[in-house]
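Dear colleague,

Please find below the structure that I am handing over to you, together with its sequence. My findings follow directly after it, and I should be grateful if you would read them with the model open.

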Amino acid sequence: MPHRPLVFSGVQPTGNLHLGNYLGAIQRFVALQDSHDCMYCVVDLHAITVPQDPAELRRTTREVAAAFMAAGVDATKHIIFNQSRVSGHAELAWIFNCVARLGWLNRMTQFKEKAGKDRENASVGLYAYPVLMAADILVYRATHVPVGDDQKQHLELARDIAQKFNLDFGASIAAQGHVEHFFPLPEPLIQGAATRVMSLREGAKKMSKSDPSDNSRINLTDDADTIALKVRRAKTDPDALPSELEGLEGRPEAANLVGIFAGLSGRSREAVLGEFGGGQFSGFKAALADLAVSKLAPIAGEMKRLQADPGHIDAVLKDGGERASAIAVETIAAVKDIVGLLR
Ligand code: AMP
Ligand code: TRP
């Protein structure tokens, strides 16, 4: 029996949600909700793998939940919640810590980037971060995971963990009466024209929450004037826009802006070049600024409105957490039986 399709994804409450988070993840979350059951999680346990100020963590947790709703996720039809509310994530993560191999984690490029030179001083949590991510998905036995390009390796690890668990406990899984593999192998959905949005200041650097330059990113909280200004100031090169995709090779800044235009408008990059190819950047940037303002400013406005009532956001997270828990407890009970943990 194939596993029922279920979408799961997570975003860390670490401040400065930006256009990359929107195009790579949140916009896709919205697109999937008409065809799938979806669970969107504010991954606060992932955030604390590096130091967080408690009051700020509470604020950014509500902010990310507000961003999901402001972008259009329907919290009554789908589930929005924060990770730490559902104990099954941490429980399954421990069991997966015993399934995942050191060698697998040693290959994770994001840990190497985040830990930097002082690896000895990184938290154990930061190292085990991708194992918790696998648990997030698999505690619901979710099958589809919309993420940006940078999460591809973590998703491969989640598949490896699911597969090894299914294999290692194969006999016990069958003995417990499960007809097929216990865990599905979750599929990454890395879709759209902008799965890797780059910095507006340096075309070789990913747009990121932690970039010290605020001009490098468009924040989801930026107002219309700020959005337009950042687009106009975005780094470009002196040539005109090409009419074909090949003409973007070796021009990372131009390629990035074309990808952003395509992502925001829902058109292909080819179509965007068809309209703007041959023209100067000034005209293209003016059109991009208008587009970005028309798509993003209403989200910022709605986020502000929602954040003025934190009680409502908390109620949404609590309700989502309860519905998520109901699914997670079933998986945890079955996993305990499979592994041989008395309950
Ligand atoms: P994070 O803020 O690291 O929790 O990321 C949340 C989601 O946004 C993940 O699915 C990421 O892959 C995605 N994401 C983050 N940065 C970018 C980017 N520059 N371009 C596209 N997607 C991104
Ligand atoms: N690691 C992801 C990121 O930084 C966030 C995340 C945590 C996630 N758990 C997840 C994404 C489960 C998808 C599924 O972007």
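Which pocket is the space taken by ligand 1? In this predicted model, that space is the largest pocket. Ligand 2 also sits in the largest pocket. I therefore take the two ligands in turn, and then turn to one helix.

Ligand 1

The shell around ligand 1 has 17 residues, and those that come nearest are Q12, G148, D150, V197 and K209. Helix 1, residues 19-32, gives the largest share of this shell, with four residues.

Three polar contacts deserve your attention. The side chain of D150 places a polar atom 2.4 Å from an oxygen atom of ligand 1. The other two involve the backbone: a polar backbone atom of G20 is 3.1 Å from a nitrogen atom of the ligand, and a backbone N or O atom of M207 lies 3.0 Å from a nitrogen atom of ligand 1. Taken alone, ligand 1 exposes 480 Å², of which the protein buries 92%.

Ligand 2

Around ligand 2 there are 13 residues, with Q12, Y129, M133, D136 and Q151 coming nearest. Q12 thus appears among the nearest residues of both ligands. Which element supplies the largest share of the shell around ligand 2? Helix 7 does so, with four residues. Strand 1 (7-11) and helix 7 (124-138) each contribute at least two residues to this shell.

The contacts listed here are made by side chains. An N or O atom in the side chain of D136 is 2.6 Å from a nitrogen atom of ligand 2, and one in the side chain of Q151 is 3.0 Å from a nitrogen atom of the ligand. The side chain of Q12 has an N or O atom 3.2 Å from an oxygen atom of ligand 2. On its own, ligand 2 has 370 Å² of accessible area, and the protein covers 91% of it.

Helix 14

How far apart are the end C-alpha atoms of helix 14? They are 41 Å apart; the helix has 30 residues (310-339), so at 1.5 Å a residue it should span 44 Å, and the two values agree. Helix 14 also bends, by about 25° at S325. After the helix comes G340, whose phi is positive, near 100°.

Yours sincerely

Definitions and conventions: Residues are numbered from 1 along each chain as its sequence is written. Chains are lettered from A and ligands numbered from 1 in the order in which they are written. This is a predicted model: local features need pLDDT of at least 70, side-chain atom pairs count only at pLDDT 80 or more; totals for chains, interfaces and linings use all residues. Side-chain values use heavy atoms; hydrogens and water are left out. The expected span of a helix is 1.5 Å times one less than its number of residues. The bend at a residue is the angle between axes fitted to the seven residues ending there and the seven starting there. A residue is near a molecule or strand if one of its heavy atoms lies within 4 Å of it. A polar contact is a pair of N or O atoms within 3.5 Å; within protein, one must be able to donate a hydrogen and the other to accept it, and residues adjacent in sequence count only if both atoms are side-chain atoms. Accessible areas come from the Shrake-Rupley method with a 1.4 Å probe; for residues, only the protein chains shown count as cover. On a 1 Å grid over the protein atoms alone, a cavity is a set of points where a 1.4 Å probe fits but cannot get out, and a pocket is an open set with protein on both sides within 12 Å along at least five of seven lines; lining residues have an atom within 4 Å of a point. A molecule sits in a cavity or pocket if more than half of its atoms lie within 2 Å of its grid points.
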